Structures are given as structure tokens and as C-alpha cells.
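This report looks at selected side-chain contacts and strand pairings in a single protein model. The sequence and the structure come first, and the discussion follows.

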Amino acid sequence: MKKLLLALLVAGLVTGPSMIALAQDDRRDHDWNDEYWRHEHYGYWHGERGYWQYRDHKHEFIRVSPEVGGFRTRLADKGITFNTQYTAETWGNPVGGISSGAVYTGQMSFQGNIDLQKLLGWRGASFSTRWYWLSGQDISAKYVGNIFTVSNIAGSPTVRMNELWFQQKFLGDRISIRAGQMGADSEFYVSTQSIIFLNGALSWSPTLFTNTPNGGPAYPMSAPGIRLAVTPVDWLSYNGAVFQGNPFAQDVNHHGFRWDLSASNGYFSIHELAFQLNQEPGSRGLPATFKIGGWFDTVPDPNANNTQPWSYGFYFVADQMLYRVPRSDSLPVTDNKGQRPTPVSPTDKGLGAFTHIGLSPQNSSFINFYIDGGLTYKGLIPSRDNDVLGVAVGYGHLKNNPQDNKGGSNPNYEMGLEAAYQIELATWLSLQPDLQYVIHPSGTNNANALVVGARTILSF
């Protein structure tokens, strides 16, 4: 493992400097609305001489030397793009929990995308796959004993196929159908303001992962399914999907290929409406996104009575920018003919807020209510425009909490607090110190736990 990390670091040091350059006036064959732009925040490989990067609502061309970018960009011209990341975390639990200790948690990810329109002329069609190599240990399971997993990349060490799907778009991308192996958490229950936080509860609600078999089709597991996305107007969208109900445990479905679409294995279905405000080009208002959703799982619950055989729940997600740093070059500019004035896109630096609310009202729920909230500030320190500071808190109510070993009553909730600072050291390297405080781990009387850690991400 040490040799692997050293090799990755050397590769990053070699490739990194060639990826840092001023914006170039090369805007051939670009597509700002490509789905890869919307979901992958670290850039999109394109063109013959480098890649496009999105920053502060601007698109800048980052030049790559022929030795680094030649093969990769030639593939991109044919519609084939890929990226690899290595994420390394260290965690320590000096106080509370089950016991004190420290762990290492690692994840290598590979994602490949094929635009079949560029490759074969098949309009609106694409293919994507994502794989993980997980290593290390989970500090929550080993030392803390809490429900809200401290690390959102922790999992059973293995090489696992996470996604493998085909997508077809219609009516100018207003409708898309996706089928194959998918993770529900890649498109549902997503908050853009909370993505910097490392606690797993802030990315997939405990009312979902504690009330569905083996956590449902969410990281690190996934399941075969089909998804429909419809955007009738720019500010409103609908996503709905049906998955294999039980993805099986991590130590059973080792590599992600255990598929069982029979009715006896049940089905998991999730549906979501999203409302986007002040996100159209040229909007001067503060952007916001609100989502409402619901889900159910038909896998029979042995703890449920005959009139309530399924698990189900509802959720709400809100992202709201509270303050946006004014852009210094905010004077209007003209179009390329020097005629019509067009507004400059506003900066994305500033203060944002988010919340998730989850409800699973059936009597057999393990956690029947969850709520979290937090604040993030991008560009707080001058000259550190892409650094992000964040604080968040989450609360989950346990429906049925057993007594402790002495016959006393346990607390019927768990809480978690997190503070994080994401530092962009280079376009290909980031470092994030992280501090979490766990109150009543798993709703027990175990001592509150303090967890200190850091994450490093190397992109290449």
C-alpha cells in the first residue's frame, strides 16, 4: 500500500504542473450542457490540446502537454472519456465510543464514459461505468460504534463494480431513460451544498439505509434497475427509478455482480421532484434547489404486521445560497458582434445552507425521523477561491431503542456534528481536515466520541 501511494503521488507530481495553465482561446466543439459537466465537478476532458474546467461560472481551457494529454484527448474526440481518483483518509478516535484507536481508509475509483453519438452517430445515447477498489477499515464499526458512518467511503475491502449502465435521451435531453447497474444515491437525495462533508448520513439518509435491506442501492453497493428522468421546464424535473430490492450484504455480493430480479427478492422504488430557482443564465438572484421525494421497498419485513408488509418513507432536501460575493468585473459585456449587452455570470463564492429531512413512519422502522442542516462558505480566505469551509449537524430518532445492560433506558437518538475545511492544493490534489463529534453512538449510553481525521484526493 505504501508503494502504491508513493507511485500515485509521483504520478500526480509529474502530471499536475502540466495541468495548470491560463485559459486559452480555444472553444471548439464544446458542450456546456453535457451531463458530465453537471455531475463531475473537477472538469471535462475535451479537444485536442487539453480539457475544459468550470470555475466561478466560467469555462477555461487548461492546456495539457502532448506527452500527458495526447492519448486521452484523442479518445475524447471520439467520445470516450475517463477519470481516476485515489482517496486516502486517516481517522483517530481519542475519546469515547467503543474504544480509542486509529484507522486508514482508502478508495480508488475509475469512471469511464462513452458518448455514442460521437463514437457511432447514435444520437442521445451514452454508456458509463464506475468501479471502486476499497481498502482499509471503517472507524465507525471498529472504534466508535455509531450509526451515522464517520467516513462516506468506508466499505468492505474489495474491487467492486458500482455502476454499468446505458442511457438514451429524447426531445433535446428533456427525457432520458437509463438502465443497468446503478446507485440510487448518485441521482437521488443529492445536496450540492453538503457534498464536502465526509459523514455518510449527510449523503444518504439514515431513514433510508437503516430501513432497507443492506442499506439499499447506495454506496458502496448498487443494484440493477431502470431510471426515468423528465425535465418539462428548466426549473422543474422529475426522477423515478426501480431497483432490485436487496443488493445483498457487502461480504456476500463481493464484486457487485450478484443480480436477482425475482419478486421474492423484492423491489426498491424511489421518486423525486426538484425545483430550481434563480439558476437560469444571467439570473442575479440567489440560487436555490428544493427536492421532495418518496420511496418504498417491497422486501418483506419480518417485524412488520400483515397490514404493513413494506418499508416506505419520504424526504425533503433544500439547498439555498444565502450570500454571494460580488464579482469585481461585474460590468456588462457585449456579444461577439459588439451589439447586444449580456450580463456577466455571477460568482459562486459565498455562503450557502442546506438541510435534509427524512421520515419513515412505519412501526418497524429502526430510525423513523432524521434531520440535518449545515452551512458552507466557498472562498472565505482571499486568494483561496476554491477552498470550502463547512459545519453541519445531524439528528436521528430511533423508533424502538432497547434498554441498556443494567435495565435502564437508553437515549432514543444519535447526533453527529462535523466541521470540515476543503483545501485545493492544485487542480489535481486536495486536502481536507475533518472533525466530528458523535453524541449517543447508536442511541446508547456509550461515551460521546470525538473523531479527528483528514482526507486527501489525488485526481489523474
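How many salt bridges does a search of the whole structure find? In this model, which is predicted, the search finds eight. Three of the pairs are set out below, each with its N to O distance.

| Acidic residue | Basic residue | Distance (N to O) |
|---|---|---|
| Glu187 | Arg178 | 3.4 Å |
| Asp385 | Lys349 | 3.3 Å |
| Asp387 | Arg384 | 2.7 Å |

The pair of Glu187 and Arg178 has both of its residues buried, and these two residues also belong to a network of salt bridges that links Arg178, Glu187 and Arg227.

The salt bridge between Asp385 and Lys349, with its N to O distance of 3.3 Å, joins two loops: Asp385 lies in the loop between strand S17 (367–378) and S18, while Lys349 lies in the loop between strand S15 (341–342) and strand S16 (350–359), so the pair ties together parts that are 36 residues apart in sequence. Asp385 has a relative accessible area of 30% and is therefore partly exposed, whereas Lys349, with a relative accessible area of 18%, is buried because this value falls under the 20% cut-off.

In the salt bridge between Asp387 and Arg384, Asp387 counts as buried because its relative accessibility is 3%, while Arg384 is partly exposed, with a relative accessible area of 28%.

The strand pairing can be followed from S18 onwards. Strand S18 (residues 388–398) runs antiparallel to strand S19 (residues 413–426), and 10 bridges join the two. S19 in turn pairs with strand S20 (residues 429–439), again in the antiparallel sense, over nine bridges, and a hairpin of two residues connects S19 to S20. Met415 offers a way to trace this arrangement across the strands, since Met415 in S19 is the bridge partner of Tyr395, and Ile439 in S20 is the bridge partner of Met415.

A further site of polar contacts is found at Asn113, a residue of strand S5 (residues 101–115). Which side chains does the side chain of Asn113 contact? One polar contact, of 3.4 Å, joins the side chain of Asn113 to that of Gln111, and another, of 3.0 Å, is made with the side chain of Ser128. Asn113 has a relative accessible area of 13% and is therefore buried.

Terms used: Residues numbered from 1 in each chain as written. Predicted model: local features only at pLDDT ≥ 70, side-chain atom pairs only at ≥ 80, totals over all residues. Heavy atoms only, no water. Helix = DSSP H or I, 4+ residues; strand = E, 2+ residues; numbered from the N terminus. Buried < 20%, exposed > 50% of the residue type's maximum accessible area, 1.4 Å probe, protein only. Polar contact = N/O pair within 3.5 Å; in protein donor to acceptor, adjacent residues only side chain to side chain. Pairing = 2+ DSSP bridges. Salt bridge = Lys/Arg side-chain N within 4 Å of Asp/Glu carboxyl O.
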